[in-house]
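These are my notebook entries on a predicted model. I set out to look up a pocket, a helix and a nonpolar core, in that order.

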Amino acid sequence: MPPISSSQPITFTLSGVRRGFQNCLPLGFSVFAYGLVFGILAVQAGMSTAQAGAMSLTTFAGASQLMVLEFWGPVLPFFGIVLTTFIVNLRHVLMGAALRDWLIALPPWKAYGSLFFMTDESWALSMREMGSGGRDAAFLLGAGLCIYVFWFSATILGASSGFFLGTAMSDPARWGLDFAFTAVFISLLIFFWKGRQDLPVWLVAAAAAWLGWALLPGKWYILCGGLAGGLYGAWRHGR
């Protein structure tokens, strides 16, 4: 991706927030699907609707929230939850670094405020926006807010579905909702496909992730794939 020219100032406007929100709406509907799954599974794990909603408002990390459900019980393994969540979200270090051209031009409260709402979906859209020459960094915040609204709404609806629908939604797999999370990430890959020259980088990342999954415990395979693909891509770019 070519660097943004220093002669083009980075802005942070309300119209940028609105544009990011509107561009992210299709992905928001997809996130809504697996937000429903999280709400349903959270109640099945023993959470109340208020607890599930509070987690979505304050944590706002789909993969980590779904993972925490496996630990949920009368006694919470605090350090296990913190460590696993840290590993799962290490990819955000790489994602934040990729948005450096936007973020370093903002005051800290705007940069960190936008990063709180950054998700895989809003990051992917923002990378495409930045790569096409976009200079309004508020796009990242708007896209993140879109995902935030859909994720919280779906959590509440999913957690409340037992009250309205009885046991009809007790098994999300019956409705195909268990595939929603995977489908969203497959659709995100399409944003980054620029042609056959990208294939070696993707294959290196996939191979490293597979080896990490086979040889390492927990979710380290996510970081293995991200680092290997990123480093190989940087090496090819510098040749």
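Entry 1, the pocket. I began with the second largest pocket and asked which helices supply at least two residues each to its lining; I found α2 (25-45), α4 (62-68), α6 (91-98), α8 (108-116), α9 (120-131), α10 (138-165) and α11 (180-192). The largest share of that lining comes from α4, which gives three residues. I noted a volume of about 390 Å³ for this pocket, and of the 22 residues that line the pocket, F60, A61, N89, H92 and M118 are the closest to its centre. Sorting the lining residues by character, I counted twelve as nonpolar, seven as polar and three as charged.

Entry 2, helix α1. I then looked up which residues of α1 (residues 14-23) are buried, and the list is G16, V17 and G20. Seen down the axis of α1, these buried residues fall within an arc of 105 degrees, so they line one face of the helix.

Entry 3, the core. The largest nonpolar core has 42 residues, and C24, F38, L99, W102 and W123 are those with the most contacts inside this core. I listed the elements that give two or more residues to the core as α2, α3 (49-58), α4, α5 (78-88), α7 (100-103), α9 and α10, and I noted that α10 gives the most, with eleven residues.

Entry 4, one core residue. Which residues does F38 touch, not counting those up to four places away in sequence? I wrote down A52, M55, S56, Q65, L66, L69, W151 and T155.

Notes: Residues are numbered from 1 along each chain as its sequence is written. This is a predicted model: local features need pLDDT of at least 70, side-chain atom pairs count only at pLDDT 80 or more; totals for chains, interfaces and linings use all residues. Side-chain values use heavy atoms; hydrogens and water are left out. On a 1 Å grid over the protein atoms alone, a cavity is a set of points where a 1.4 Å probe fits but cannot get out, and a pocket is an open set with protein on both sides within 12 Å along at least five of seven lines; lining residues have an atom within 4 Å of a point. Grid points are joined across faces, edges and corners, and a volume is the space filled by probe spheres set on the points. Helices (H or I, at least four residues) and strands (E, at least two) are DSSP runs, numbered from the N terminus. Ala, Val, Leu, Ile, Met, Phe, Trp, Tyr, Cys and Pro count as nonpolar, Asp, Glu, Lys and Arg as charged, and the others, Gly among them, as polar. Buried means under 20% relative accessible area, exposed over 50%, partly exposed in between (1.4 Å probe, protein chains only). The arc is that of the directions from the helix axis to the C-beta atoms. A nonpolar core is a set of buried Ala, Val, Leu, Ile, Met, Phe, Trp, Tyr and Cys residues joined through side-chain atoms within 4.5 Å. Contact means heavy atoms within 4.5 Å.
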